[in-house]
Structures are given as C-alpha cells and as structure tokens.
Amino acid sequence: MWNEFKKFAIQGNALDLAIGVIIGAAFGKIVSSLVDDVLMPPLGLIIGKVDFSNLFLNLSGKHYDSLAAAKAAGAATINYGVFLNNVISFLIVAFAVFILVQQINRLRAAPEAKAEKPAAPPEPSEEVKLLSQIRDLLRSRS
C-alpha cells in the first residue's frame, strides 16, 4: 500500500489535485465576490430594492429588521437569501468550469484530428496498373 501511495504521489496526480483545489478555492472567492458585490445588488434593485443576503424566515416569532439583528439575538432563522446567493455562485462556477473543459477538449481534439487523417493510399505498382488495364480490356470485349 505504501508503494502505491508513493507511486501516486510521485506521478504528479496528488500535486495536480492540490493545485486544482487551491485554484478552485481562489476562483470560488472571486465568484462569491462577483455574485455578492456585482450581480446581486443590481438584481435586487431591479426586483424591488431587495438585498438577497438579507432575506430570511424568522422562526422565533419576534420581528427583526435584518438577518444580522436576528443572528445577534440568537433567533432561529432560515436564511434563504444566502442560499440563493450560493446557488447563483454555484451556477456561475459550474458554467465557467463547463466552458473551460469544453475549450480544453476542443484544443486537445484539434491536434488529434490532424494526426488521425487517413494517409493517401499508395500508388499502385506498374504490374497492378498493367493487370488492371488487361482486366478492363477483357471486360470490354465480353
């Protein structure tokens, strides 16, 4: 088992995975900022001055003006606005990864398509040409 792990780590799979996780986390922060700071404020304004991150359902029965006030009071809340922000963030990340993978696959397929073109059949030898002519002459006489 130890030898298998060393082989896995040495081949670069673990390093590639670690790099992917680190870049993914950084990309996730960028997307979260894009959703929370750039997309949601105009969307909330268009919908009617709604701040999605402040939408919540209060389960305690008391009234709170904001999610922060409810959290400070320790009230039980369902924070569906934060959930909506996370769903939108996920959709943006999923779409960006889809576009990235699609482009990588397209770039990988381009060299393979060039390499896989069938080679032109070799020129027939003189004997084969002569035999083909004889065959054609015999067919035309029959």
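1. Let us begin with the order of the parts. Read from the N terminus, the elements of the protein follow the pattern α-α-β-α-β-α-α. That comes to 5 helices and 2 strands. Please keep in mind while reading that this is a predicted model.

2. A few overall values help to set the scene. The protein has 142 residues, and 11% of them count as buried. Its accessible surface is about 11600 Å², with 67% of that belonging to carbon and sulfur atoms. Among the contacts with a separation of 6 or more, 39% are between residues 24 or more positions apart.

3. Which residues make up the largest nonpolar core? The members are Phe56, Tyr64, Leu67, Ala70 and Ala75, 5 residues in all. Alanine 75 is a good place to look at this core in the structure. Setting aside neighbours within four places in sequence, alanine 75 is in contact with Asn58, Ser60, Tyr64 and Ala70. Two of these partners, Tyr64 and Ala70, are listed with Ala75 in the core.

4. Now turn to the surface. A nonpolar patch there is formed by Leu57, Leu59, Ile78, Tyr80, Phe83, Leu84, Val87, Phe90 and Leu91, and together they have about 860 Å² of accessible area. Which helix gives the most to the nonpolar patch? It is α4, covering residues 80-115, with 6 residues. Leucine 57, another of the patch residues, lies in strand β1, which covers residues 57-58. Because its relative accessible area is 44%, leucine 57 is classed as partly exposed.

5. Helix α2 and helix α4 are worth viewing together, starting from phenylalanine 27. This residue is found in helix α2, residues 13-48. With a relative accessible area of 32%, phenylalanine 27 is partly exposed. Leaving out neighbours within four places in sequence, phenylalanine 27 is in contact with Val93 and Ala96. How far apart in space are phenylalanine 27 and valine 93? Their C-alpha atoms are 8.1 Å apart, although 66 residues separate the two in sequence.

6. The view from the other side begins at isoleucine 92, which lies in helix α4. Its relative accessibility of 23% makes isoleucine 92 partly exposed, since buried would call for a value under 20%. Beyond its neighbours within four places in sequence, isoleucine 92 is in contact with Val31, Leu34, Val35 and Leu39. Isoleucine 92 and glycine 28 are 64 residues apart along the chain, and their C-alpha atoms are separated by 9.7 Å.

7. The helix α5 makes a nice check on length. Why does a distance of 23 Å between its end C-alpha atoms agree with what is expected? Helix α5 has 16 residues, 126-141, and at 1.5 Å a residue these should span 22 Å, so the 23 Å between the end C-alpha atoms agrees. The expected span takes 1.5 Å times one less than the number of residues. As for burial, α5 is hardly covered: the count of buried residues among its 16 residues is 0.

8. Charged pairs come next, and the structure holds 3 salt bridges. Lysine 129 takes part in a salt bridge with glutamate 123, where the closest N and O atoms are 3.3 Å apart. Lysine 129 also meets glutamate 126 in a salt bridge, at 3.9 Å from N to O. Glu123, Glu126 and Lys129 are thus linked in a network of salt bridges.

9. How many residues apart are lysine 129 and glutamate 126? Both lie in helix α5, 3 residues apart, or about one turn of the helix. An α-helix has 3.6 residues a turn, so residues three or four places apart point the same way.

10. Are the members of this network buried or exposed? Glutamate 123 counts as exposed, at 64% relative accessibility, and glutamate 126 counts as exposed too, at 58%. Lysine 129 counts as partly exposed, at 31%.

11. A last pair to find is arginine 135 and aspartate 136, whose side chains meet in a salt bridge at 3.2 Å, N to O. Arginine 135 is partly exposed, with a relative accessible area of 40%. Aspartate 136 is partly exposed as well, with 39%.

How values were computed
Residues numbered from 1 in each chain as written. Predicted model: local features only at pLDDT ≥ 70, side-chain atom pairs only at ≥ 80, totals over all residues. Heavy atoms only, no water. Core = buried A, V, L, I, M, F, W, Y, C linked by side-chain atoms within 4.5 Å. Buried < 20%, exposed > 50% of the residue type's maximum accessible area, 1.4 Å probe, protein only. Contact = heavy atoms within 4.5 Å. Helix = DSSP H or I, 4+ residues; strand = E, 2+ residues; numbered from the N terminus. Salt bridge = Lys/Arg side-chain N within 4 Å of Asp/Glu carboxyl O. Areas by Shrake-Rupley, 256 points an atom, 1.4 Å probe, with all protein chains shown as cover. Patch = residues over 30% accessible without salt bridge, like charges linked within 9 Å, V, L, I, M, F, W, Y side chains within 5 Å.
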